[in-house]
Amino acid sequence: MTTITLARDEDVGELTLFASQTFTHTFGHIYDPADLTAFLAGWNPPEKLRAQIADPAWAIALAHGTDGAIAGFIKMGPLDFELPEGQPGDDAAELHQLYVGAAAQGTGLAAALMDWGIGWARERASILYLSVFTENARAQAFYRRYGFVDVGRNAFRVGNHIDEDRFFRLDLWRSRSIRQP
């Protein structure tokens with residue numbers, strides 16, 4: 001069984017490094033090194049993570065491996081993007097990031113973190129949004145198993161590079177409490 005704990009101020013250094021390494025491992029080959037460096041510098045800076053950890057509107061949950069190091073995390077919070085036209089934003093939360101290190105992929109850790117995140121969102125909102133890269137078919141399939149549906153396009157900037165992401169929405173009052181096989 002995976003133990004999931006809320007991030008604390010003393011986790012910020014390791015979390016910053018883990019998030020940057022995981023993003024780079026997964027997507028770094030797509031970007032010019034200058035764009036990637038610029039993006040990572042402003043993406044999860046320690047001061048931003050500290051503020052989010054201290055703010056009750058946010059939650060960052062960590063899962064640790066048997067070696068005690070962070071193996072994955074999920075960041076939940078208020079909406080931080082402009083929704084596609086016609087999408088309701090009242091009473092909504094956002095799954096900002098869900099990252100699992102390469103060694104823990106396929107172990108069920110992502111599902112444990114997602115279950116935790118949906119539980120957190122249900123206590124605060126009736127709709128949960130996220131944005132996912134159009135070429136990340138594995139992540140899209142994972143989110144669809146939970147009942148998320150594609151509701152529109154999102155431009156995601158990495159330095160000067162703009163990716164096409166997709167907005168996904170989950171109506172929390174309709175969704176089942178667990179993922180579908």
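In which helix is Thr16 found? Thr16 is found in helix 1, and this briefing on a predicted model begins with that helix and its contact with helix 3, before turning to a pair of strands later in the chain.

**Helix 1 and helix 3**

- Helix 1, which covers residues 12-27, and helix 3, which covers residues 46-54, have axes that come within 10 Å and cross at roughly 120°.
- The crossing that these two helices, helix 1 and helix 3, make with each other is right-handed.
- On the side of helix 1 the contact involves Val12, Leu15 and Thr16, while helix 3 brings Pro46, Leu49, Arg50 and Ile53 to meet them.
- Sorted by character, the residues of this contact between helix 1 and helix 3 are 5 nonpolar, 1 polar and 1 charged.

**Thr16 within the contact**

- Thr16 has a relative accessible area of 16%, and because this value is under 20%, the residue counts as buried.
- When residues up to four places away in sequence are not counted, Thr16 touches Asn44, Pro46 and Leu49, and of these, Pro46 and Leu49 are among the residues of helix 3 that meet helix 1.

**Strand 6 and strand 7**

- Strand 6, made of residues 149-158, pairs with strand 7, made of residues 161-171, in the antiparallel sense over 9 bridges.
- One of the residues involved is Phe156, whose bridge partner in strand 7 is Asp163.
- The hairpin of strand 6 and strand 7 has 2 residues between the strands, and in this hairpin Gly159 takes a positive phi near 65°.

Definitions and conventions
Residues are numbered from 1 along each chain as its sequence is written. This is a predicted model: local features need pLDDT of at least 70, side-chain atom pairs count only at pLDDT 80 or more; totals for chains, interfaces and linings use all residues. Side-chain values use heavy atoms; hydrogens and water are left out. Axes are lines fitted to C-alpha atoms, for helices over the stretch in contact, and angles run from 0 to 180 degrees between N-to-C directions. Helices (H or I, at least four residues) and strands (E, at least two) are DSSP runs, numbered from the N terminus. A crossing is left-handed if the near helix is turned anticlockwise from the far one by less than a right angle, and right-handed if clockwise. Contact means heavy atoms within 4.5 Å. Ala, Val, Leu, Ile, Met, Phe, Trp, Tyr, Cys and Pro count as nonpolar, Asp, Glu, Lys and Arg as charged, and the others, Gly among them, as polar. Buried means under 20% relative accessible area, exposed over 50%, partly exposed in between (1.4 Å probe, protein chains only). Two strands pair if DSSP finds at least two bridges between them.
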